[in-house]
Amino acid sequence: MIVLVLTVAFCLTGCVTSRKVNYMQQPDKRIPSYADTLSYEDYRLQKGDRLYVQVYSVNDKVADLFASDSNNNNIYQQVRSGSGSMTDLYTYVVDDDGNIKFPTVGDLYVRGMTTREVKHLLEKELSGLSVGVGESMPALAVEVQIVQRYFSVIGAGASGRFPIQKEKVTIFEALAQARDIADFGDRSKVHIIRETEDSTIVKTFDVRSADIINSEFYYVEPNDVIYIQKIKGQAFGINSAAAAVSVTATTISLGVFVYSIYKRVKGWIPN
């Protein structure tokens, strides 16, 4: 009987309820509240980031000047052979010193800058150049984007490395790409591991709280690693109250069956 009671109690405590898995729940004693600290800041470039830079001009000489960058000759050959893309042709990597090598400008320090700041800097640097004999550089426009950005998820339905395909990605969009947190993932302690210029920081939060959308945890940045650990003490899978009742009923039935067999066997044994 004691074993039966313990089995039932274990099943009920192991059950994953909607309280443990639902998002956008109002904060209470078990679900924390977060201060309204949402202030999205543009991502600042770090070494290893890849920048797509395209210069547009109505002057064909200017357009050809940047399209035929000698620094990209190897990539240009890859594009022609089919092993590269046109995006690669206009991509510049931030080196260990924080520079990109841009045609007619040379080394351009961009580390710690936003793409908007790099755009304005390039337009300023290029505005003073001349093309041809005494011909001033006409008005031009520069497009700057970060390409090949990723975030990683560990412990979700489909853990892996996922591309960032727009400027801002929320924690919910990131989890959706990873097919959500598994039933036995601990939503109360989601970790984001983030590399900064100075160190590695870890942000821990309860993703079930409705306050998340107004907090510092809402947006995912390039190279973030989202880690979801399993619910503490979870030993086997019961993911609903109905499943717990089913297991309990089966256990009771089994116990009754074993006990009836035991009584019969005991009755057959002579005193």
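**Exercises: strand pairing and packing**

**Exercise 1.** Find the residue of β5 that is the bridge partner of Y52, then describe how β1 and β5 pair.

*Solution.* Step 1: Q145 in β5 is the bridge partner of Y52. Step 2: β1, a strand covering residues 50-57, pairs with β5 in the antiparallel sense, over 8 bridges. Strands are DSSP runs (E, at least two residues) and helices likewise (H or I, at least four), numbered from the N terminus; pairing takes at least two DSSP bridges. The model is predicted, with pLDDT of at least 70 required for local features and 80 or more for side-chain atom pairs, while totals for chains, interfaces and linings use all residues. Numbering starts from 1 along each chain as written, and side-chain values use heavy atoms, without hydrogens or water.

**Exercise 2.** Give the strand order of the open sheet, name its edge strands, and place helix α6 against the sheet.

*Solution.* Step 1: the order of the 3 strands is β2-β1-β5, with antiparallel pairing. Step 2: β2 (91-93) and β5 (140-147) are the edge strands, each pairing on one side only. Step 3: ignoring direction, neighbouring strands are turned by 30° against each other on average. Step 4: helix α6, residues 115-127, packs on the sheet and touches β1 and β5 (heavy atoms within 4.5 Å). The direction of α6 makes about 145° with that of β5 (C-alpha line fits, N-to-C, 0 to 180 degrees).

**Exercise 3.** Describe the hairpin of β3 and β4.

*Solution.* Step 1: β3 (residues 99-102) and β4 (residues 106-109) run antiparallel, joined by 4 bridges. Step 2: Y109 in β4 stands opposite N99. Step 3: 3 residues lie between the strands, and T104 takes a positive phi near 70° in this hairpin.
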